[in-house]
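Trainee: I have not seen this protein before. Could you show me how to read it?

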Amino acid sequence: MAVTEIRETIETSVSLDANGLGIVQKRINLQSGARHQIFQMDMFQDAIPETDSDNLIIEWFVTPYPVIYSTMKLTPLRDSRGPMAGDDKVLMKSIWTSYDLTKYGTFTDFPNQFLGAQPTFSFYTPALYVTGLVHGTPAASVTNLAFSFYVACENKKASLVSYGLGVLRERSIAQGINLMSQGRTIPPSGNVGQIFPMWKYGGMRPERMLRGNALADFFLPYSSTDSEKMLSTGNVRGYLSRGRTMQPFDTAFGAFDAVKGDIPDWVRFDLNPGLVSGPIRPQQPPRKLADNGNTLMF
């Protein structure tokens, strides 16, 4: 097990295309046949870029494979955004913004500086790509682009199977995503009562309690597959059907019965499956076998 410390620099100029996008990239070779664990990662801006572009934004990525940009928007006026920070192929992402001729840009990192100072992601591909997607005014020029990168990587020999499967997986997920749509949208009117019905009412929902003045009101399960027979099956199912009664958000679960009294919803917990799904058979139905030993199906 060995830790490799890598220090790399990028210092160049880039001309943006008609869409206001420029790409700079550098490859770093790593040991083959090993599992690489990122220990620490950091980057530093060495100079203030000189440009005739408005609102210069730079996306920096550290990945095992080259970054493929997409058609998704970075800002309302900037297209061709790179992969999201939560993408499996991204080991680090940093966005640098707010450039002018007198000060350094501001940036956001993933993982943040606290997480980036301890072991985070692992990968098998024997290479690292440092890629910068430069966004600005179409056909603009960016000069004096200077950044330094630091990566501390632990290399541990991997079996041929683990290494091969890891490289195949990373090559597969490195394919570019042109357009992504994820997540479920919930209208505010549809959110009411979906998870916690009491969120609108506030406080604790009232509860019902079984009566204790008659032994026939009790039904005690003593295992997940069998139950103490204190009530008839039909009577127990009557309790269960009332315990499932739908109630308004500010009313106790369960129901009130004129004969049985309050029936809480918890009577249906941990029940014998036969009480819910069908009648309880007195014994397992006998098997009937053919002469060759196969079970006969009726």
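Mentor: Start with one residue: N144 sits in strand β10. A strand here is a DSSP run of E with at least two residues, a helix is a run of H or I with at least four, and both are numbered from the N terminus. Before we go on, note that this is a predicted model, where local features need pLDDT of at least 70, side-chain atom pairs count only at pLDDT 80 or more, and totals for chains, interfaces and linings use all residues. Residues are numbered from 1 along each chain as its sequence is written, and side-chain values use heavy atoms, with hydrogens and water left out.

Trainee: What is the phi of N144?

Mentor: The general idea comes first. Most residues other than glycine have a negative phi. N144 has a positive phi of about 60°, yet it is not a glycine. S80 is also not a glycine, and its phi is positive at about 65°. S80 belongs to the loop between β5 and β6.

Trainee: Is N144 buried, exposed or partly exposed? And what about S80: buried or exposed?

Mentor: Use relative accessible area, found with a 1.4 Å probe and protein chains only: buried is under 20%, exposed is over 50%, and partly exposed lies in between. N144 has 35%, so it is partly exposed. S80 has 8%, so it counts as buried.

Trainee: What does the whole protein look like in numbers?

Mentor: It has 4 helices and 12 strands. Of its 298 residues, 37% are buried. About 18,500 Å² is exposed, and carbon and sulfur atoms supply 56% of that. Such areas come from the Shrake-Rupley method with a 1.4 Å probe; for residues, only the protein chains shown count as cover.

Trainee: How do I read contacts along the chain?

Mentor: A contact means heavy atoms within 4.5 Å. Take the contacts between residues at least 6 apart in sequence: 74% of them join residues at least 24 apart.

Trainee: Where does E59 lie, and is E59 buried or exposed?

Mentor: E59 lies in strand β5, residues 57–63. Its relative accessible area is 0%, so E59 is buried.

Trainee: Which side chain makes a polar contact with the side chain of E59?

Mentor: A polar contact is a pair of N or O atoms within 3.5 Å; within protein, one must be able to donate a hydrogen and the other to accept it, and residues adjacent in sequence count only if both atoms are side-chain atoms. For E59 the partner is the side chain of H135, at 2.8 Å. The E59 side chain also reaches the backbone nitrogen of G82, at 3.1 Å. Setting aside neighbours within four places in sequence, E59 contacts several residues, among them S80, G82, K93, T131 and H135.

Trainee: Where is K89, and which side chain does K89 join through a polar contact?

Mentor: K89 is in the loop between β5 and β6 (92–97). It is buried, at 8% relative accessible area. The side chains of K89 and D87 share a polar contact of 3.0 Å. A polar atom of the K89 side chain lies 3.5 Å from the backbone oxygen of I173.

Trainee: How many cavities does the structure hold?

Mentor: Rolling a probe the size of a water molecule over the atoms shows where empty space is left. On a 1 Å grid over the protein atoms alone, a cavity is a set of points where a 1.4 Å probe fits but cannot get out; lining residues have an atom within 4 Å of a point. Points are joined across faces, edges and corners, and a volume is the space filled by probe spheres set on the points. Here there are 2 cavities of 30 Å³ or more.

Trainee: Which residues line the largest cavity?

Mentor: They include S70, G82, D87, K89 and M180. The space is about 70 Å³. Ala, Val, Leu, Ile, Met, Phe, Trp, Tyr, Cys and Pro count as nonpolar, Asp, Glu, Lys and Arg as charged, and the others, Gly among them, as polar. This lining has 6 nonpolar, 3 polar and 2 charged residues.

Trainee: And what lines the second largest cavity?

Mentor: Its lining is I6, E8, I28, V62, V130, F149, Y150 and V151. Two elements give two or more residues each: β1 (2–15) and β10 (141–157). β10 gives the most, with 3 residues. By class, the lining has 7 nonpolar, no polar and 1 charged residues. This cavity holds about 30 Å³.

Note on methods: On a 1 Å grid over the protein atoms alone, a cavity is a set of points where a 1.4 Å probe fits but cannot get out, and a pocket is an open set with protein on both sides within 12 Å along at least five of seven lines; lining residues have an atom within 4 Å of a point.
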